[in-house]
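Visitor: I should like to learn how to read the features of a protein model, one at a time. May we begin with a single residue and then turn to the sheet?

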Amino acid sequence: MNAPAPDTARTLVAGIGNVFLGDDGFGVETVRGLPREQLPPDVDVVDVGIRGVHLAYQLLDGWDTLVLVDVTARGGEPGTLYLIDASEPADRATTEQPPPLDGHRMTPDAVLALLDTLCAGTGAAPPRRILLVGCEPACLDEGIGLSPQVAAAVPEAVRTVIDLVRQEAVVRSPTRRAP
């Protein structure tokens, strides 16, 4: 893990998805394409894959910003990119019942719901800013490889993530928690 300067915000970029389910591998493919030399030193990038429970626990380590990268079906054309601010629990998609904990199919909603529960139980604070770079999938069937529409969206998603983490790097966090 990088040691950021005391006055910079710590950012975690997490690629989520199952590479064996077609376009569900979007998040993983996007973070694999992030050129390390173009990222600020206080940014960590992880390929979470299907380890959403692990990600929720990792977020207890005091991150200022979380950028999730995953597919998200919102009814647009396949390959459409979305930027969703989920910083406040009220901003997140909610259902009558919390999403079930399934270690192999943890959606960002399920990860954030688990994080909220863990924070309530431990007194830890979630990241002050939570962003989702999502992509409309074309196919989530079993198989390796992205559809042409989603594969074409990966370079723009990489640029979006780079822009976001650079913006977050200039934000000073006076109440920053020690790592």
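Guide: We may begin with Gln 38 in this predicted model. Leaving out residues up to four places away in sequence, Gln 38 touches Ile 162 and Arg 166. The C-alpha atoms of Gln 38 and Arg 166 are separated by 8.9 Å, although the two residues are 128 residues apart along the chain.

Visitor: Where does Gln 38 lie, and how exposed is Gln 38?

Guide: Gln 38 is located in the loop between α1 (26-32) and β2. Its relative accessibility is 35%, so Gln 38 counts as partly exposed. Another glutamine, Gln 58, lies in helix α2. Gln 58 is buried, because its relative accessible area is 16% and the cut-off for a buried residue is under 20%. Apart from neighbours within four places in sequence, the contacts of Gln 58 are Leu 12, Val 46 and Trp 63.

Visitor: In what order do the strands of the sheet stand?

Guide: The open sheet has 5 strands in the order β2-β1-β3-β5-β4, with mixed pairing. The edges are taken by β2 (43-49) and β4 (81-85); each has a single partner strand, so one side of each lacks a neighbour in the sheet. On average, neighbouring strands are turned by 20° against each other, direction ignored.

Visitor: Which strands pair in the parallel sense with β3?

Guide: β1 pairs with β3 in the parallel sense over 5 bridges, and β5 does so over 7 bridges. Strand β1 (residues 11-16) is also joined to β2 by 6 bridges, and these two run parallel. One can follow the bridges across the sheet residue by residue. Leu 12 has Asp 44 as its bridge partner in β2 and Leu 66 as its partner in β3. Leu 66 in turn has Ile 130 as its bridge partner in β5.

Visitor: How should the two faces of a strand be read?

Guide: In a regular strand the side chains alternate between the two faces of the sheet. In β3 one side carries Thr 65, Val 67, Val 69 and Val 71, the other Leu 66, Leu 68 and Asp 70, and all of these are buried. Because 7 of the 7 residues of β3 are buried, the strand is largely enclosed by the rest of the structure.

Visitor: Which helices pack on or lie across the strands?

Guide: Helix α3 (residues 108-122) packs on the sheet and touches β1, β3 (65-71) and β5 (129-135), its direction making about 150° with that of β3. Helix α4 (residues 148-169) lies across β1, β2, β3, β4 and β5 and runs at about 165° to β5.

Visitor: Which residues of α3 are buried, and what do they pack against?

Guide: The buried residues of α3 include Val 111, Leu 112, Leu 115 and Cys 119. The buried residues of this helix pack against β1, α2 (52-58), β3 and β5. As to its geometry, α3 has 15 residues and spans 21 Å from its first C-alpha to its last, close to the 21 Å expected at 1.5 Å a residue. After α3 comes Gly 123, with a positive phi near 85°.

Visitor: How are aromatic rings to be read here?

Guide: A pair of aromatic rings is described by the distance of the centres and the angle of the planes. With centres required to lie within 6.5 Å, the count comes to 0 aromatic pairs. Charged groups do sit over rings: the charged end of Arg 10 is over the ring of Trp 63, 3.9 Å from its centre. The charged end of Arg 74 sits over the ring of Tyr 82, 5.6 Å from the centre.

How values were computed
Residues are numbered from 1 along each chain as its sequence is written. This is a predicted model: local features need pLDDT of at least 70, side-chain atom pairs count only at pLDDT 80 or more; totals for chains, interfaces and linings use all residues. Side-chain values use heavy atoms; hydrogens and water are left out. Two strands pair if DSSP finds at least two bridges between them. Helices (H or I, at least four residues) and strands (E, at least two) are DSSP runs, numbered from the N terminus. Axes are lines fitted to C-alpha atoms, for helices over the stretch in contact, and angles run from 0 to 180 degrees between N-to-C directions. Contact means heavy atoms within 4.5 Å. Buried means under 20% relative accessible area, exposed over 50%, partly exposed in between (1.4 Å probe, protein chains only). The expected span of a helix is 1.5 Å times one less than its number of residues. Rings of Phe, Tyr and Trp (its six-membered ring) pair if their centres lie within 6.5 Å; planes under 30 degrees apart count as stacked, over 60 as edge-to-face and the rest as tilted. A charge sits over a ring if NZ of Lys or CZ of Arg is within 6 Å of the ring centre and within 35 degrees of the ring normal.
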